Amino acid sequence: MAEILLDVRGLTHRYAMTSSRSVTALDGVSFQIRHGEIFGLVGQSGSGKSTAARCIMNLLRPTGGDLHYKGVDLLDPKQRRENRRMLQTTRQLIFQDSASSLNPRMTLADIITEPMVINSVKPPRGSMRAEAEFQAAKVGLSPSCLDRRPPELSGGQRQRAAIARALCMEPELLIADEPVASLDVSVQAQILNLFRHFQTEHGFSLLFIAHDLSAVHWLCDRVGVLFHGLLVESAPTTELFENPLHPCTRALLSSVPLPDPRRERQRRLERFDTDTLPAAETLREVSPEHFVLKED
Ligand SMILES: Nc1ncnc2c1ncn2[C@@H]1O[C@H](COP(=O)(O)OP(=O)(O)OP(=O)(O)O)[C@@H](O)[C@H]1O
Ligand SMILES: [Mg+2]
């Protein structure tokens with residue numbers, strides 16, 4: 001089995017609202033991502049997916065739990081400087097909304113090579129322009145796009161640029177937070193194909209955050225299901241889709257539309273009442289690598 005790249009243990013984050021009130025976005029979430037693995041994180045809106053991504057990317061300091069990257073403690077204040085350096089060169093984040101995550105005043109060429117400039121990386125192809133052209137071609141962007149700015153491009157072109165920008169640092173771990181949610185279906189398929197192609201070519205690990213379970217089914221090796229900040233189930237993708245055990249997972253899977261009208265008519269939507277979630281539950285392994293939150 002491949003070595004563990006990212007080890008998330010008991011990750012907890014509370015957003016302070018007032019001095020006495022806070023929102024618990026993550027409540028003791030644990031999962032691991034191995035070298036070269038695609039791990040999908042799914043869950044309804046507000047379940048804590050982006051909060052987990054921000055904690056892993058050092059954009060948020062979690063209020064509890066442990067984060068280890070290749071054995072290095074990411075939350076150790078003594079290693080903060082080393083972590084920051086390592087972060088830029090080994091982990092990259094792609095956001096859902098490329099319209100707001102890419103600087104509208106910069107040209108695409110500058111956007112793509114910005115991580116290399118910030119980290120003083122010498123461009124392997126001689127100049128930053130040549131590097132931008134090379135990376136753009138890899139994601140299917142024509143050189144004519146490079147002098148344009150994000151508002152002059154389509155959503156699909158912007159998301160391709162975001163992928164090129166992330167890949168120019170050759171990350172070991174790529175975190176994609178709902179990278180296709182704002183795109184139409186045909187462009188979604190193109191972008192998902194790009195992820196799969198580059199993951200096979202570069203062998204990086206991918207944390208793929210999504211609402212769309214069919215995309216997760218197609219792309220991911222393992223999947224974790226978040227619900228109200230709790231990881232309720234995690235399993236290899238085929239196992240999770242064939243044998244979902246937690247009522248929350250079953251409810252999520254039952255909401256996926258089926259392309260066959262006859263089966264779609266017979267589909268029964270399962271409901272999951274949040275009040276039925278027992279107070280004390282622990283994650284238990286029910287079959288190899290299949291963990292489910294169960295009552296104590
Ligand atoms: N900056 C913030 N301040 C206060 N609460 C926040 C903040 N950011 C997120 N939250 C709350 O934390 C919880 C988790 O939010 P998060 O954005 O991580 O969910 P998500 O699963 O990514 O949702 P979505 O699928 O809609 O992107 C939600 O209840 C949200 O309202
Ligand atoms: Mg989110």
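In this predicted model, the side chain of Ser50 places an N or O atom 2.8 Å from an oxygen atom of ligand 1. His211 also contributes through its side chain, with an N or O atom 3.3 Å from an oxygen atom of ligand 1. Ser47 takes part through its backbone instead: a polar backbone atom of Ser47 is 3.2 Å from a ligand oxygen. On its own, ligand 1 has 630 Å² of accessible area, and the protein covers 65% of that area.

Two elements each give two or more residues to the shell around the ligand, namely strand 2 (22–34) and helix 1 (49–56). Helix 1 gives the most, with three residues. The shell comprises 14 residues, and those that come nearest to ligand 1 are Ser45, Gly46, Lys49, Ser50 and Thr51. Ser50 thus appears both in this nearest group and in a side-chain contact with a ligand oxygen. By class, eight residues of the shell are polar, four are nonpolar and two are charged.

The protein also has pockets. The largest pocket holds about 600 Å³ of space. Its lining consists of 26 residues; Met57, Leu59, Leu87, Gln88 and Leu93 are the closest to the pocket centre. Four elements supply two or more lining residues each: helix 2 (80–90), strand 6 (91–94), helix 4 (108–118) and helix 6 (155–167). The largest share comes from helix 2, which gives five residues. Nonpolar residues number 15 in this lining, against six charged and five polar residues.

The second largest pocket contains about 280 Å³ of space. Its lining includes His217 and Phe241, followed along the chain by Leu253, Ser254, Val256, Pro257, Leu258 and Pro259. Arg263, Arg267 and Arg268 complete the lining. Six of these lining residues are nonpolar, three are charged and two are polar. The charged residues are the three arginines. The polar pair is His217 and Ser254.

The make-up of the three sites can be set side by side. Polar residues number eight in the shell around ligand 1, five in the lining of the largest pocket and two in that of the second largest pocket. Nonpolar residues number four in the ligand shell, 15 in the largest pocket and six in the second largest pocket.

Definitions and conventions
Residues numbered from 1 in each chain as written. Chains lettered and ligands numbered in written order. Predicted model: local features only at pLDDT ≥ 70, side-chain atom pairs only at ≥ 80, totals over all residues. Heavy atoms only, no water. 1 Å grid on protein atoms, 1.4 Å probe; cavity = no way out; pocket = protein on both sides within 12 Å on 5 of 7 lines; lining within 4 Å. Points joined across faces, edges and corners; volume = space filled by probe spheres on them. Near = heavy atom within 4 Å. Polar contact = N/O pair within 3.5 Å; in protein donor to acceptor, adjacent residues only side chain to side chain. Areas by Shrake-Rupley, 256 points an atom, 1.4 Å probe, with all protein chains shown as cover.
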